[in-house]
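Here is a friendly walk through one protein model, meant to be read with the structure open beside you. Have a look at the chain below, and then we can start.

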Amino acid sequence: MNTLKDQVIVVSGGSSGIGAAICRAAIAKGAKAVYALSRSGNIPENCEGNIVGISADVRDAACMKAVAQGILKNERHIDALVLAAGNGIAGAIEETSDVEARYQFETCFFGLHNAVQAFLPSMRKAGKGKIITIASVASLVPIPYQAFYSAVKAAVMQYSDALAIEINQFGLQCCCVLPGDTKTGFTAARKYTEKANEQSPYHTKRSKSVSKMEKDEKNGMPPEAIASAAIRQLCRKKMTARVIPGFGYKAISVLLRIFPTRLVRRIVEMLY
């Protein structure tokens, strides 16, 4: 199967970046309807077809359940749930407050969980459906000054694997996509911890490290490349457990499994 004809797709974080690219790709593959969830409720740019923008905050469990009820009332079912909502915060671990750390996890992890809990019951009852989560290659690598981003994406990856095992008995599937550096508005939207200033003892190294990361992101893969990888999985009868778009990032993931942890830390320290 190489089409999404007659399928109903729900995408969180669907108004921009990777989520928006997935919405456009789903429409291009013939999806019957695509629901783009985001706080703004905006429809992705340059997207034609039956696409509906819905204002929804994934951090609000009650909001997500209400959104799910509304979509299911219109469509009776959904065929796929793609979880692309995310955010980022940079700063040294020592200087990251509890509130700032929770900011990272509330959207990327608990927001994802809220969406799963809102839509999974209907998919389970239907006995069919696919879930795609968007983690990151950062889940495999200890990223300095973005430790909480690495941590939350690692949590998403493990959550996805466990979810896949639990829902397999109902005929459902889950695939985790791990993008590398991607050119999106995520870079400009990244927040910094309150103590990430010139008075910080980490200032010089942190500034150099994050600047390098931002340069890599701005020169990274287009979001359409990540969207293509996700849509290919939705079109398959049997999804792959994990997908890493881009040959270079696939190679990095292999090396990370081979190299000892001490060497990996040293290489990352040299890069950042």
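## A buried tyrosine in a loop

Let us begin with one residue. Tyr145 is buried, with a relative accessible area of 15%. Please keep in mind that this is a predicted model. The cut-off for calling a residue buried is under 20% relative accessible area, so the value of 15% places Tyr145 in that class. Tyr145 belongs to the loop that runs between β6 and α4. Its backbone deserves a look too: phi of Tyr145 is near 70°, a positive value in a residue that is not glycine. As background, most residues other than glycine have a negative phi.

## Two exposed loop residues

Arg76 also has a positive phi, of about 75°, and it is not a glycine either. You will find Arg76 in the loop between α2 (61-75) and β4. Is Arg76 buried or exposed? With a relative accessible area of 71%, Arg76 is exposed.

Gln169 sits in another loop, the one between α4 and β7. Its relative accessibility is 63%, so Gln169 counts as exposed. If you would like a distance to check in your viewer, take the C-alpha atoms of Gln169 and Phe109: they are separated by 24 Å, with the two residues 60 apart along the chain.

## The parallel sheet

Now to the strands. In what order do the seven strands of the open sheet come? The order is β3-β2-β1-β4-β6-β7-β9, and the pairing is parallel. The edge positions are taken by β3 (51-55) and β9 (242-243); each has a single partner strand, so one side of each has no neighbour in the sheet. In general, strands of a sheet pair through backbone hydrogen bonds.

Strand β4 (residues 80-83) is a good place to zoom in. It pairs with β1 (residues 8-12) in the parallel sense over four bridges, and with β6 it also forms a parallel pairing over four bridges. On the β1 side, Val10 stands opposite Leu81 of β4, while Val11 has Val82 as its bridge partner in β4. On the β6 side, Val82 stands opposite Ile132. The side chains of β4 alternate: Ala80 and Val82 point one way, Leu81 and Leu83 point the other way, and all are buried.

## Helices on the sheet

Helix α4 (residues 147-167) lies across β6, β7 and β9, and runs at about 160° to β7. An angle over 145 degrees counts as roughly antiparallel, so α4 and β7 are roughly antiparallel in direction.

Helix α7 provides another residue to inspect, Gln233. What is the relative accessibility of Gln233? At 6%, Gln233 counts as buried. Leaving aside residues up to four places away in sequence, Gln233 touches Lys130, Ile132, Cys175, Met239, Thr240 and Val243. One of these contacts, Ile132, is the residue that Val82 of β4 faces in β6.

## Helix pairs

Two packed helices can be described by the angle between their axes and the distance between the axes. For helix α1 (residues 17-28) and helix α7 (residues 223-235), the axes come within 8 Å and cross at roughly 55°. The two helices are therefore oblique to each other, and their crossing is right-handed. From α1, the contact uses Gly17, Ile18, Ala21, Ile22, Arg24, Ala25 and Ala26, and from α7 it uses Pro223, Glu224, Ile226, Ala227, Ala230 and Ile231. Sorted by class, this contact has ten nonpolar, one polar and two charged residues.

The second pair is α2 and α3, which pack at an angle of about 30° with their axes 8 Å apart. Here too, α2 passes α3 in a right-handed crossing. The residues that meet are Ala61, Met64, Lys65, Ala68, Ile71 and Leu72 in α2 and Asn114, Ala115, Ala118, Phe119 and Ser122 in α3. By class, the contact of α2 with α3 has eight nonpolar, two polar and one charged residues.

Definitions and conventions: Residues numbered from 1 in each chain as written. Predicted model: local features only at pLDDT ≥ 70, side-chain atom pairs only at ≥ 80, totals over all residues. Heavy atoms only, no water. Pairing = 2+ DSSP bridges. Contact = heavy atoms within 4.5 Å. Axes fitted to C-alpha atoms, helices over the stretch in contact; angles between N-to-C directions. Parallel < 35°, antiparallel > 145°, perpendicular 65-115°, else oblique. Left-handed = near helix turned anticlockwise from the far one by under 90°. Nonpolar A, V, L, I, M, F, W, Y, C, P; charged D, E, K, R; others polar. Buried < 20%, exposed > 50% of the residue type's maximum accessible area, 1.4 Å probe, protein only.
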